[in-house]
Amino acid sequence: MSTKSRTRSKTRLSRALGIALTPKAARYLEKRPYGPGQHGRTKRKADSDYAVRLREKQRLRAQYGIREQQLRIAFNEARRQAGLTGENLVELLEMRLDALVLRSGFARTMSQARQMVVHRHIMVDGQRVDRPSFRVKPGQTIHVHERSAGMEPFQVAAAGGHAGVLPPVPPYLDVQLDRLQARLVRRPKRAEVPVVAEVQLVVEYYAAR
């Protein structure tokens, strides 16, 4: 799929789910705050409980750009942990390496963050990691490989080029953007994670299956 097609696809999905998945999609949603397609402007009939839960699950999955199986695995792990399953789920997803690369301001979108990891530009505690799903532990440091740091995308990031389109750096990260370095200080708390989703509905979706 071409870059233009991917962008169009993300924008369409953003409009369908009612959330901005990319900065470009955010601009589209400002201009067209309704669903895609010829019936996008028409008043929709009330969704069933199942449809509402399904949409929240899709929203969460789309914001992290993960497959259904990956979300299901994370849900099962969240359910085994103490505390509220929905909050645990978001906190576990947030400790993915690609998510933290984005939150640190190294990338502009989740898909760009994932690409940076897959292409082996990102290191954790001095070791290259090429798995976006890698779970970063509190105390570990994420940084860009020194050979990659001179590349344009990272130079833009180091200069704060994404500050206008990303949420503020969350308190569970200690970021030195000019050095392209970030440390996960502690486990994220759901309330601090800049993700839009009614997580209890996601829990109800999986509990009913």
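**View 1. The side chain of R135 makes a polar contact with the side chain of E77, at 3.1 Å.** A polar contact is a pair of N or O atoms within 3.5 Å, in which, within protein, one atom must be able to donate a hydrogen and the other to accept it, and residues adjacent in sequence count only if both atoms are side-chain atoms. This is a predicted model, in which local features need pLDDT of at least 70 and side-chain atom pairs count only at pLDDT 80 or more, while totals for chains, interfaces and linings use all residues. Residues are numbered from 1 along each chain as its sequence is written, and side-chain values use heavy atoms, with hydrogens and water left out. R135 sits in the loop between β2 and β3 (helices, H or I of at least four residues, and strands, E of at least two, are DSSP runs numbered from the N terminus). Because its relative accessibility is 30%, R135 counts as partly exposed (buried is under 20% relative accessible area, exposed is over 50%, and partly exposed lies in between, with a 1.4 Å probe and protein chains only). Once residues up to four places away in sequence are set aside, R135 touches E77, L92, M95 and Q140, where contact means heavy atoms within 4.5 Å. R135 and E94 are separated by 41 residues in sequence, yet their C-alpha atoms are 8.8 Å apart in space.

**View 2. R103, a residue of helix α6, is shown with its surroundings.** With a relative accessible area of 10%, R103 is buried. Apart from neighbours within four places in sequence, the residues in contact with R103 are Y64, E94, M110, V169, P170, Y172, L173, V193, P194 and V195. One of these, L173, appears again in View 5, where it stands opposite L184 in β5.

**View 3. T109 occupies the loop between α6 (97-103) and α7 (110-118).** At a relative accessibility of 13%, T109 counts as buried. Its side chain makes a polar contact with the side chain of S111, at 3.2 Å.

**View 4. Five strands form an open sheet in the order β2-β1-β3-β5-β4, with antiparallel pairing.** Two strands are taken to pair if DSSP finds at least two bridges between them. The edges of the sheet are β2 (127-128) and β4 (173-176), each of which pairs on one side only. Strand β1 (residues 122-124) and strand β3 (residues 141-144) run antiparallel and are joined by three bridges. Within this pairing, M123 has H143 of β3 as its bridge partner, and V124 stands opposite I142 in β3. Both faces of β3 are covered, for T141 and H143 on one side and I142 and V144 on the other are all buried.

**View 5. Strand β5 pairs with β3 and with β4, in the antiparallel sense in each case.** The pairing of β3 with β5 extends over three bridges, and T141 stands opposite R183 in β5. The pairing of β4 with β5 extends over four bridges, and here L173 stands opposite L184 of β5. Along β5 (residues 181-184) the side chains alternate, so that A182 and L184 point to one face and are buried, while Q181 and R183 point to the other and are not. In the hairpin of β4 and β5 there are four residues between the strands, and L180 takes a positive phi near 50 degrees.

**View 6. Helix α5 (residues 85-94) meets helix α9 (residues 199-207), their axes coming within 8 Å and crossing at roughly 105 degrees.** The axes are lines fitted to C-alpha atoms, for helices over the stretch in contact, and the angles run from 0 to 180 degrees between N-to-C directions. The two helices, α5 and α9, are therefore roughly perpendicular to each other (65 to 115 degrees; under 35 is roughly parallel, over 145 roughly antiparallel, and the rest oblique). From α5 the contact is made by T85, G86, E87, L89 and V90, and from α9 by V199, V202 and V203.

**View 7. The whole protein has nine helices and five strands.** Read along the sequence, these elements follow the pattern α-α-α-α-α-α-α-β-β-β-α-β-β-α. Of the 209 residues in the protein, 41% are buried. Among contacts between residues at least 6 apart in sequence, 56% join residues at least 24 apart.
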